[in-house]
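User: I am new to reading protein models, and I would like to learn how to recognise strands, helices and contacts between chains. Could you take me through an example?

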Amino acid sequence: MNKDLRIILERISQSFTRRRDTQYYLQVVNDCYDCTYNFFINIRPRGERLHSIPLHTVEDYRLSYLEKIIDRIMEKYQLSITYDGFVGQKWPVKQELIQKRRHKDE
Amino acid sequence: MDYSKEPHGVFFLIDNKSFYASVEATMRGLNPLKELLVVMSEADNTNGGLVLATSPMAKKIFHLQANVSRQRNLPQDPRLIVVPPRMNLYIKRNLQINNIFREFAAECDVWPYSIDESIIDMTKSWHLFGNSPREVARLIQKTIRKRLGLYTTVGIGDNPVQAKIALDIYAKHDPELMGEIHYETVPEKIWTIDNMTDVWSIASRTEKRLNRLGIHSMKELALSNPFYLKQELGLIGEQIFAIAWGIDRTKLSDNIAPKNHSIGNSQVLPRDYFQKSEIETVIKEMGQQVASRLRHHHKQTGCLYLSVTYAYAARVEGERGGFSVANNLNHTDNDRDIDEVLVALFENYWQGQPVRNLAVYTSKLVTKEAQQLNFFTPVKQQCQAEDKLAIVDEIRAKYGFESIVYANSLLKGGTAIHRATLVGGHNGGNAYE
């Protein structure tokens, strides 16, 4: 397991406390300014504010690398993931679109 | 008014729109101006949570204020995104922004003013980038937006104070995020400002003092007698009179040598401290921190200053909310000597009130050239004590503050270990890297 993955998994386990009536999901952002992938865990108790906690910044700016990390995260956690900044890009192995359409305010 | 002899230049004062919140929005791939985002510190000493920054939309919709609003003022609105601060990231962005400015002006003409504001003297270089200062300002805005995703507001003036007022009063509400003040527009731009406290360097106390002199607007200030202002308000009277006329004779390149240096630290405690031993633990930690900073700068202190503020509940109307005391000592940079004086000061003046804020400052600094020995302790012992501190400093420089701490920091109430990770009193965000 490499360092990026270990850090992400460790921090997910800290924040993912499985409280009831609470939505947890991961957010992966293609940061075109820094050329990095930013990981966040978003936590929203029902009807309340969204807490967005940074998990990690992956500096290896290759989609193939990101795909591997995401696959390994999904093996352990079945959290849903939203992608931002990936419009028009496909996963190198799966050949699926990463993000179908641009989100509001993106 | 004859401005012909005043310095004429082209100055930009550029600030980032809701800096922390905008950086966090861009990190999440969001538009800084459209998103409802607040940066909230939930450190122990913020009493639940302190809002450090809010995006422009959040300001507008929820009427929040940075550094004033608390968690209790934040509505439970599902549209709102709350994020923890990452001070190191903001510092990194600030450096990137200043590097962009250096592409438009010489290194010596860019003056960082705060974490999100810089003054740029464009006098010599603006014509290289466009036909008017406004056009150049637009280009700088666009460059920063393109490379970092951030929006900047620009104040343009013939001198730094005009640029600052143009930024504070006009640029923030301008659709192009720009404001301009020149000598010829001073009456229409500065004298018409309704609220005097909106002007840089005039706060509520100065306003009250001015009101007492019968001055209620910038125009009245500009048309008042400067000698009378100086007599009543001192130097500051002259200064604000000059501001009312848009005059600023500062040469940014002048090196200002402060008369006195001072090194110190202050902190808000995570809760009210009642017990003497707990308060003394923190005072000692602060003494050690300040001593370590003195050694880092090769300085020794000749005067220590301790300020204690009581807990909010203990403050009685009309009575003092704390005390500030100072004491001279033989020049030293030794942890123990400094702690001894601080604890003695505290014990002399404290009468059992709960405490919330502490500050320790040192002044009368001298450069350390050699170790001063005394007659009363064996020389060997004195040298060893000195070496011990040097080694502690070395270990900390290499492995971080927490690698070696005094055992008293582990006592109940100690805050040093936790605070070691903070940057500017907030979460540095290294844990998220």
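Analyst: What follows is a walk through a predicted model, with most of the attention on chain B.

User: Where should I begin, and how many helices and strands does chain B have?

Analyst: A count of the elements is a good beginning, and chain B has 14 helices and 15 strands. The C-alpha atoms of chain B fill a box of roughly 75 × 55 × 50 Å along the principal axes, and buried residues make up 36% of its 433 residues. Among the contacts in chain B between residues at least 6 apart in sequence, 63% join residues at least 24 apart.

User: How do I read a sheet, and what is the order of the strands in the open sheet of five strands in chain B?

Analyst: The general idea is that strands of a sheet pair through backbone hydrogen bonds, in either a parallel or an antiparallel sense. In chain B, the open sheet of five strands runs in the order E5-E6-E1-E7-E8, and its pairing is mixed. Strand E5 (110-114) and strand E8 (178-181) of chain B each have a single partner strand, so they stand at the edges, with one side of each left without a neighbour in the sheet. From one strand to the next, the twist averages 20°.

User: With which strands does E1(B) pair, and in which sense, parallel or antiparallel?

Analyst: Strand E1 (residues 11-16) of chain B pairs with strand E7 (residues 152-157) of chain B in the antiparallel sense over six bridges, and with strand E6 (residues 117-121) of chain B, also in the antiparallel sense, over five bridges. To follow these pairings residue by residue, you can look for Leu13(B), whose bridge partner in E7(B) is Gly155(B). On the side of E6(B), Phe11(B) stands opposite Asp121(B), while Phe12(B) has Ile120(B) as its bridge partner.

User: Is E1(B) mostly covered or uncovered, and which way do its residues point?

Analyst: E1(B) is mostly covered, with six of its six residues buried. Phe11(B), Leu13(B) and Asp15(B) point one way from the strand, whereas Phe12(B), Ile14(B) and Asn16(B) point the other way, and all are buried.

User: Which helices lie across strands of this sheet?

Analyst: Helix H3 (residues 87-104) of chain B lies across E5 and E6 of chain B, and runs at about 150° to E5(B). Helix H5 (residues 160-170) of chain B lies across E1, E6, E7 and E8 of chain B, and runs at about 140° to E7(B).

User: How do I describe two helices that pack together, such as H11(B) and H12(B)?

Analyst: You can begin with the angle and the separation of the axes: H11(B) and helix H12 (residues 335-349) of chain B pack at an angle of about 140°, with their axes 9 Å apart. Because of that angle, H11(B) is oblique to H12(B), and H11(B) passes H12(B) in a right-handed crossing. The residues that meet include Ile283(B), Gly287(B) and Val290(B) in H11(B), together with Ile338(B), Leu342(B) and Phe346(B) in H12(B). Sorted by class, this contact has seven nonpolar, two polar and four charged residues.

User: What is notable about the phi of His298(B) and of Lys364(B)?

Analyst: The general idea is that most residues other than glycine have a negative phi. His298(B), although not a glycine, has a positive phi of about 55°, and it lies in the loop between helix H11 (276-296) and strand E10 (299-310) of chain B. His298(B) counts as exposed because it has 12 C-beta neighbours inside 10 Å. Lys364(B), also not a glycine, has a positive phi of about 50°, and its place is in the loop between strand E12 (355-363) and strand E13 (366-367) of chain B. With 16 other C-beta atoms within 10 Å, Lys364(B) is partly exposed.

User: Finally, how many residues of chain B are in contact with chain A, and which elements supply them?

Analyst: In this case, 23 residues of chain B are in contact with 22 residues of chain A. Helix H1 (19-27), strand E4 (81-83) and helix H4 (133-148) of chain B each supply at least two residues of the side that touches chain A, and the largest share, three residues, comes from E4(B). The residues on this side of chain B divide into 11 nonpolar, five polar and seven charged. Pairing also crosses between the chains, for strand E3 (residues 50-58) of chain A and E4(B) pair in the parallel sense over two bridges, and Leu50(A) stands opposite Ile81(B).

Methods
Residues are numbered from 1 along each chain as its sequence is written. Chains are lettered from A and ligands numbered from 1 in the order in which they are written. This is a predicted model: local features need pLDDT of at least 70, side-chain atom pairs count only at pLDDT 80 or more; totals for chains, interfaces and linings use all residues. Two residues are in contact if their C-beta atoms, placed from the backbone, lie within 7 Å. Helices (H or I, at least four residues) and strands (E, at least two) are DSSP runs, numbered from the N terminus. Ala, Val, Leu, Ile, Met, Phe, Trp, Tyr, Cys and Pro count as nonpolar, Asp, Glu, Lys and Arg as charged, and the others, Gly among them, as polar. Two strands pair if DSSP finds at least two bridges between them. A residue is buried if 20 or more other C-beta atoms lie within 10 Å of its own, exposed if 12 or fewer, and partly exposed in between; C-beta atoms are placed from the backbone. Axes are lines fitted to C-alpha atoms, for helices over the stretch in contact, and angles run from 0 to 180 degrees between N-to-C directions. Angles under 35 degrees count as roughly parallel, over 145 as roughly antiparallel, 65 to 115 as roughly perpendicular and the rest as oblique. A crossing is left-handed if the near helix is turned anticlockwise from the far one by less than a right angle, and right-handed if clockwise.
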